[in-house]
Amino acid sequence: MAKRLEVHKLTLSANYSSHLAALMQALPRTDGPVLELGLGTFSTPYLHYACLLAGRKLVSYETDQGWFELFKDWQSELHDIRLVADWDKADFERVPSPLVNGGVWGVALVDHSPHERRVVEVARLAQHARIIVLHDSDEKWEPWARYSTVYPLFRYRTDWDGDYRKAVVLSNYVDLERFWE
Amino acid sequence: MKTLHPVKFCSHLPLLMAVMARTDGSVLELGMGYGSSLYLHWACAARPRDIVSYENSPEWYENFGRHFARHGYVWHQVLSVDDFALADIERPWSVAFIDSSPAKTRVPLIRRLADWADYIVIHDTEARVESEFQYDRIYPLFRWRYDYADHAPYSAVLSNRVDLTDFHI
């Protein structure tokens, strides 16, 4: 019986880290601010420290008070953690440094709840982020996640299927043909 | 069920990221955890570069070993040992991360790796827990050392092979 570990009433699993592979490829391929929609046990520490080391601005949005409480002490000049009442209130179309990086996010991670809401934010971000990493793109979730409805909004797409939980990388700015090399 | 705080179990990440970015060779992890193992696993996948993780807890070994084996991640070898003294670690490593339990296992492991690893990253280096870990016993074995104390538990990098004078994060 494996040891069960819990963060914010969520039993941790290595499966939840599978989007790190895409994030680790995306960050070095871009400059400028990074956006995280939905705080997470694996993505937030990685993005926090990766952006700290690179001197990049990170903005994280969350609607859940519990997740916000977990990470609020990480607020810093480089990491802005914002609690919003609902995702419509997340005004991420306003990029922190509009004169840098063409006024778009370098990378945006879309991993928030509810799952079926993610396509709304992906559509909003289509022209506002150089690379979008969208977690949990497994076909079994497609009936309600409906990721396929936003794929036509992007010129480039590559899939991460190296783990149980899949991710998809989308862009209108960066050719992703050699993204995994 | 044990409850963790991610801010605390990830405080070694900035040092790990910094040394991983400076190297491209094999990686050793002694003592697995959600903060280090998954970052190192995916960081090594990108290159790819070999990583070997040793774990003495059957529960942790099952947790990570089973997951990685199921997906056929050939670059990451997860090995179970009853006692870290039995871990076969005397060979060159670019990065060695030492976060083993119990605390008393760390000093002997660091001593064994002192001339084998380019960078040795150690965790829990604050003075408050020095009586538990006794790192003062192995600091004199190293020519260079960099302490990172921005987030507790603190961490440090040790080396006899790489000059850390200009190392800074």
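**View 1. Gln134(B) sits in the loop between H6 and S7 of chain B.** Everything in these legends comes from a predicted model. Look at the backbone of Gln134(B): phi is near 60 degrees, a positive value in a residue other than glycine. Gln134(B) is partly exposed, with a relative accessible area of 34%. Asp124(B) makes a nice companion, with phi near 65 degrees, again a positive value in a residue other than glycine. You'll find Asp124(B) in the loop between strand S6 (117-123) and helix H6 (130-133) of chain B. Asp124(B) has 14% relative accessibility, so this residue counts as buried.

**View 2. Seven strands of chain B line up in an open sheet.** Follow them across in the order S4-S3-S2-S5-S6-S8-S7, and note that the pairing is mixed. The edges are strand S4 (76-80) and strand S7 (144-148) of chain B, each with pairing on one side only. From one strand to the next, the twist averages 15 degrees. Helix H4 (residues 58-70) of chain B packs on this sheet and touches S3 and S4 of chain B. The direction of H4 makes about 150 degrees with that of S4(B).

**View 3. Here are strands S2 and S3 of chain B, a parallel pair.** Strands of a sheet pair through backbone hydrogen bonds, either parallel or antiparallel. In this case S2 (residues 27-30) and S3 (residues 51-55) of chain B are joined over four bridges. To pick out one of the partners, start at Leu30(B) and step across to Tyr54(B) in S3(B).

**View 4. A cis peptide bond turns up in each of two loops, one in chain A and one in chain B.** In chain B, the bond joins Ala152(B) and Pro153(B), with omega about -5 degrees. Pro153(B) belongs to the loop between S7 and strand S8 (155-159) of chain B. In chain A, the cis bond runs from Ser113(A) to Pro114(A), with omega near 0 degrees. Pro114(A) is in the loop between S6 and H4 of chain A.

**View 5. Strand S6 of chain A is largely enclosed by the rest of the structure.** Why say enclosed? Six of the six residues of S6 (residues 105-110) of chain A are buried. Strand S3 (residues 34-37) of chain A runs parallel to S6(A), and four bridges join the two. Leu37(A) stands opposite Val110(A) in S6(A). S6(A) also pairs with S7(A), in the parallel sense over five bridges. There, Val107(A) has Ile131(A) in S7(A) as its bridge partner. To get from S6(A) to S7(A), the chain crosses through helix H4 (residues 118-125) of chain A, a right-handed β-α-β crossover.

**View 6. Asp136(A) is tucked into the loop between strand S7 (129-135) and helix H5 (142-145) of chain A.** Is Asp136(A) buried or exposed? With 4% relative accessibility, Asp136(A) counts as buried. Its side chain makes a polar contact with the side chain of Arg118(A), at 2.9 Å. Beyond its neighbours within four places in sequence, Asp136(A) is in contact with residues including Asp111(A), His115(A), Trp141(A), Tyr147(A) and Arg165(A).

**View 7. The largest nonpolar core holds 67 residues.** In soluble globular proteins, nonpolar side chains tend to be buried together. Which residues touch the most other members of this core? They are Tyr46(A), Tyr39(B), Val157(B) and Phe167(B). Helix H2 (residues 13-21) of chain B supplies the largest share, seven residues. Zoom in on Tyr46(A) and leave aside its neighbours within four places in sequence: among its contacts are Leu20(A), Leu23(A), Met24(A) and Leu27(A), along with Leu13(B), Met17(B) and Tyr39(B). Another core, of 28 residues, lies apart from this one, and its members include Val52(B), Ala87(B), Ala96(B) and Val107(B).

**View 8. Helix H3 of chain B is largely enclosed by the rest of the structure.** Eight of the 10 residues of H3 (residues 37-46) of chain B are buried. Among the buried residues are Ser37(B), Tyr39(B), His41(B), Trp42(B) and Cys44(B).

**View 9. Step back for chain A, with five helices and nine strands.** Along the sequence, the pattern goes β-β-α-β-α-β-α-β-β-α-β-α-β-β. Chain A has 181 residues, of which 59% count as buried. Take the contacts in chain A between residues at least 6 apart in sequence: 61% of them join residues at least 24 apart.

How values were computed: Residues are numbered from 1 along each chain as its sequence is written. Chains are lettered from A and ligands numbered from 1 in the order in which they are written. This is a predicted model: local features need pLDDT of at least 70, side-chain atom pairs count only at pLDDT 80 or more; totals for chains, interfaces and linings use all residues. Side-chain values use heavy atoms; hydrogens and water are left out. Two strands pair if DSSP finds at least two bridges between them. Axes are lines fitted to C-alpha atoms, for helices over the stretch in contact, and angles run from 0 to 180 degrees between N-to-C directions. Contact means heavy atoms within 4.5 Å. A nonpolar core is a set of buried Ala, Val, Leu, Ile, Met, Phe, Trp, Tyr and Cys residues joined through side-chain atoms within 4.5 Å. Buried means under 20% relative accessible area, exposed over 50%, partly exposed in between (1.4 Å probe, protein chains only). A polar contact is a pair of N or O atoms within 3.5 Å; within protein, one must be able to donate a hydrogen and the other to accept it, and residues adjacent in sequence count only if both atoms are side-chain atoms. A crossover is right-handed if, with the strands pointing away from the viewer, the path from the first strand over the helix to the second runs clockwise.
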